[in-house]
Amino acid sequence: MRKLLVANRGEIAIRVMTTAKKMGIKTVAIYSTIDRNAPHVKFADEAVCIGEAPSNQSYLLGSKIIEVAKQLDVDAIHPGYGFLSENANFAEEVEQNNLIFIGPKSKAIKVMGSKLAAKDAVKAYDIPMVPGIDEAITDVVKAKAIAKEIGFPILIKASAGGGGKGMRVVEKESDLESQMQRAISEATSAFGDGSVFIEKYVASPRHIEIQIMADSHGNTIHLFERECSVQRRHQKVVEEAPSAVLTPELRSKMGEAAVKVAKACDYLGAGTVEFLLDENHNFYFLEMNTRLQVEHPVSELITGTDLVELQIRVARGEQLSIQQEDLQINGHALELRVYAEDPLNDFLPSVGHLDTYQIPIGEGIRVDNGFEEGMDIPIYYDPMLSKLITYGKTREEAIELMIKAIGNYHVKGVQTTLPFGKFVCEHEAFRSGKFDTHFVKKHYTPEILHSEMEEEAKIAAMIAMKQYLKDQEIIRLPL
Ligand code: MV4
């Protein structure tokens with residue numbers, strides 16, 4: 001592999017190209033007109049404009065991207081996350097054009113893209129799943145019978161769903177019919193597929209996911225868990241590895257289950273198997289994400305691996321150089337997604353101009369960043385500016401370092417989720433590890449953050465005033 005095209009933008013494009021460069025592989029960036037001066041374009045050895053700002057006229061144009069790759073004599077395409085990364089047709093078209101797709105085969109993407117197909121694929125592998133059904137349901141009478149059997153509350157889910165779309169909690173039988181109709185119509189309009197199914201509703205779960213890596217020689221390993229329970233409206237905000245609550249025994253069990261899920265779909269490359277963990281520490285397979293995830297750095301830090309390097313190596317046919325027994329957890333890592341969103345105003349995108357943009361540096365701090373001072377944040381894409389990642393010997397150390405790093409991250413011109421990250425890191429429920437997926441809903445109000453920020457602004461003003469008076473004194477003293 002001599003040349004790699006990254007079909008993405010922002011921090012992940014730079015993240016992938018950094019490893020490619022380290023491995024002596026030439027890099028090609030693609031970009032839309034609005035991204036012509038973006039950092040990922042400057043970072044690449046070559047860059048090609050592929051269209052206008054809206055993603056469906058640029059970063060989502062699979063055939064055009066493949067055409068560019070062929071023209072530039074590219075060997076492989078890395079899709080990053082989002083955009084074309086979980087598009088089975090794109091993966092197939094890449095391979096049909098004799099290029100390497102850095103990811104699993106299109107068949108695995110397709111199976112895992114459907115929750116029902118995924119359940120069906122793993123059925124024979126003895127993997128714990130939430131009580132429920134594994135086929136699409138449209139008949140309300142049948143649905144009522146199943147719900148009674150499972151016991152309320154139940155959850156209606158869309159098979160093609162993601163990010164909680166088409167999901168509905170049903171507390172009692174009399175609500176079932178209307179909620180089912182809503183779920184079906186929501187799924188139909190969002191995914192063009194109205195298939196829904198029913199599961200027992202796990203009321204207060206934690207979101208634990210296992211990183212796996214598979215080569216084309218039958219070897220699959222897991223790189224332990226990440227916990228992503230701190231999220232709002234299905235958008236993750238803080239992630240960490242390891243989880244504060246897994247015992248070594250549970251960790252091995254979940255890791256083994258994740259490896260079985262990967263084997264069930266003949267997986268290749270980096271993937272993530274999502275589980276719910278209930279209050280009694282029972283775990284249930286939810287779904288598999290067939291891409292390199294946003295939060296992969298926390299796994300890299302605690303295992304000392306470079307997941308992009310492993311992805312590239314297995315994609316070019318090498319055997320995994322690491323065996324399960326070689327892996328162990330060292331230290332603790334935290335990641336905060338720094339979004340250009342206003343935590344005081346319902347997290348609305350706060351796009352604009354980055355008047356000041358200074359990222360923290362120091363031991364134990366990693367910032368996977370896609371922006372620089374003076375840039376405008378385009379409205380067309382995800383408003384994530386960077387990922388602020390800290391690493392310490394213990395969880396407490398990583399948390400303290402995160403709070404410090406947030407203080408040394410200076411952004412002016414737009415609102416960001418940095419103060420929200422500080423709120424999480426200082427919260428007793430987070431620090432004690434006693435939290436679940438309802439953390440944000442349960443503990444966060446803009447008012448708390450507002451008063452905290454006011455308090456800090458007051459202290460800053462007082463320090464500035466003190467300094468001013470001191471300076472005045474110095475000037476006056478000689479007189
Ligand atoms: C669940 C659940 C409770 N019970 N399934 C949310 C998105 C999709 N990936 C699956 N999700 C859930 N499935 C059962 N049977 C609760 C959620 C859920 C959730 C899961 C992970 C992280 C955050 C979440 C927030 C709300 C609901």
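These are my notebook entries on what I looked up in this structure, which is a predicted model.

**Entry 1: helix 1**

I began with helix 1, which runs over residues 10-22 and holds 13 residues. From its first C-alpha to its last I read a reach of 19 Å, close to the 18 Å expected at 1.5 Å a residue. I then asked how much of helix 1 is covered, and found that 10 of its 13 residues are buried. Among the buried residues I noted G10, E11, I12 and A13, and I kept E11 in mind for a later entry. Just after helix 1 I came to G24, which takes a positive phi of about 75°.

**Entry 2: a buried lysine**

I next looked up K387, which is found in strand 19. Is K387 buried or exposed? It is buried, because its relative accessible area is 0%, and under 20% counts as buried. I wanted to know what its side chain meets there, and I found two partners. One is E11, whose side chain makes a polar contact with the side chain of K387 at 3.0 Å; E11 is itself among the buried residues of helix 1. The other is V294, whose backbone oxygen is reached by the side chain of K387 at 2.7 Å.

**Entry 3: around the ligand**

Which residues are closest to the ligand? I listed K157, E199, K200, V202 and E287 as the closest, out of 17 residues that surround it. Going through the polar atoms in turn, I found a polar side-chain atom of K157 at 2.9 Å from a nitrogen atom of the ligand. For E199, an N or O atom of the side chain lies 2.8 Å from a nitrogen atom of the ligand, whereas for K200 the polar atom at 2.8 Å from a ligand nitrogen belongs to the backbone. The protein covers 91% of the 520 Å² of accessible area that the ligand has on its own. I also looked up where the shell comes from, and the elements giving two or more residues to it are strand 6 (154-158), strand 8 (196-200), strand 12 (269-277) and strand 13 (283-289). Sorted by class, the shell has 7 nonpolar, 5 polar and 5 charged residues.

**Entry 4: backbone exceptions**

I then turned to the backbone, keeping in mind that most residues other than glycine have a negative phi, and that most peptide bonds are trans. The peptide bond from F152 to P153 is cis, with omega near -5°, and I placed P153 in the loop between helix 7 (140-150) and strand 6. A second cis peptide bond joins A241 and P242, with omega about -5°, and P242 sits in the loop between strand 11 (235-241) and helix 9 (248-264). For positive phi outside glycine I noted D73, near 60°, in the loop between helix 3 (62-71) and strand 4 (76-78). I noted D266 as well, with phi near 55°, in the loop between helix 9 and strand 12. D266 is exposed, with a relative accessible area of 64%.

**Entry 5: the largest nonpolar core**

Last, I looked up the largest nonpolar core, which has 37 residues, and those with the most contacts inside it are L336, L388, F420, F430 and F439. The elements that give two or more residues to this core include strand 11, strand 14 (332-339), strand 19 (384-392) and helix 13 (418-426). Which element gives the largest share of this core? I found that helix 12 does, with 6 residues.

Terms used: Residues are numbered from 1 along each chain as its sequence is written. This is a predicted model: local features need pLDDT of at least 70, side-chain atom pairs count only at pLDDT 80 or more; totals for chains, interfaces and linings use all residues. Side-chain values use heavy atoms; hydrogens and water are left out. Helices (H or I, at least four residues) and strands (E, at least two) are DSSP runs, numbered from the N terminus. The expected span of a helix is 1.5 Å times one less than its number of residues. Buried means under 20% relative accessible area, exposed over 50%, partly exposed in between (1.4 Å probe, protein chains only). A residue is near a molecule or strand if one of its heavy atoms lies within 4 Å of it. A polar contact is a pair of N or O atoms within 3.5 Å; within protein, one must be able to donate a hydrogen and the other to accept it, and residues adjacent in sequence count only if both atoms are side-chain atoms. Accessible areas come from the Shrake-Rupley method with a 1.4 Å probe; for residues, only the protein chains shown count as cover. Ala, Val, Leu, Ile, Met, Phe, Trp, Tyr, Cys and Pro count as nonpolar, Asp, Glu, Lys and Arg as charged, and the others, Gly among them, as polar. A nonpolar core is a set of buried Ala, Val, Leu, Ile, Met, Phe, Trp, Tyr and Cys residues joined through side-chain atoms within 4.5 Å.
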